[in-house]
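Trainee: I should like to learn how to read the features of a protein model. May we go through one together?

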Amino acid sequence: MKAKMIHENLHVLDLDASLAFYKKALGLVPLREFGPEDGSWKIVYLGNDTTAFELELTWNDGRTEPYNNGSDDTHLAFAVDNMDEAYALHKEMDCIVYENTEMGIYFITDPDGCWLEIMPLQKER
């Protein structure tokens, strides 16, 4: 049997803030979305033309308590083609939370506090 990874899901409190963050910080844009007509919840799949892997954001109307999307060790990693450009953008956005200069990587957080690893494209595992 072979299994192909296709998406990762994160629950978000403010869908608009999350969509804006992922577009600005990582160039991810909505690919498709769905939810009931009453607007009680919405799922939006984000992606780009670099990979077929998608990020699924789930939003529930009326939710005020933060979601537990895992600890800081549970994270998504993004390989970028220009670390200096990415670092400057993330520094400007004030979303860098941890730097490991020895490994040449750093972490940013999204509006819900999820850690996202940023690494050079050539270090991709």
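**Reading a predicted model**

Mentor: Let us begin with a loop: Met103 is found between strand S6 (96-100) and S7. Please keep in mind that this model is predicted.

Trainee: Is Met103 buried, exposed or partly exposed?

Mentor: Relative accessibility decides this: buried means under 20%, exposed over 50%, and partly exposed in between. Met103 has 39% relative accessibility, so this residue counts as partly exposed. One may also consider separation: the C-alpha atoms of Met103 and Asp14 are 33 Å apart, and the two residues stand 89 residues apart along the chain.

Trainee: How should I read Glu117 in strand S8: is Glu117 buried or exposed?

Mentor: The cut-off for buried is under 20%. Glu117 counts as buried because its relative accessibility is 4%. The side chain of Glu117 also makes a polar contact of 2.8 Å with the side chain of His75.

Trainee: Which residues have the most contacts inside the largest nonpolar core?

Mentor: A nonpolar core is built from buried residues of certain types, joined through side-chain atoms within 4.5 Å. Here the largest one has 25 residues, and Tyr22, Leu57 and Ile108 have the most contacts inside it. Among the elements that each supply at least two residues of this core are strand S1 (7-12), helix H1 (15-26) and strand S8 (115-120). H1 gives the most, with 6 residues.

Trainee: With which residues is Tyr22 in contact, leaving aside its neighbours within four places in sequence?

Mentor: With those neighbours left aside, the contacts of Tyr22 are Leu10, Gly27, Leu28, Leu46, Leu55, Leu57, Asp110 and Leu116.

Methods:
Residues are numbered from 1 along each chain as its sequence is written. This is a predicted model: local features need pLDDT of at least 70, side-chain atom pairs count only at pLDDT 80 or more; totals for chains, interfaces and linings use all residues. Side-chain values use heavy atoms; hydrogens and water are left out. Buried means under 20% relative accessible area, exposed over 50%, partly exposed in between (1.4 Å probe, protein chains only). Helices (H or I, at least four residues) and strands (E, at least two) are DSSP runs, numbered from the N terminus. Contact means heavy atoms within 4.5 Å. A polar contact is a pair of N or O atoms within 3.5 Å; within protein, one must be able to donate a hydrogen and the other to accept it, and residues adjacent in sequence count only if both atoms are side-chain atoms.
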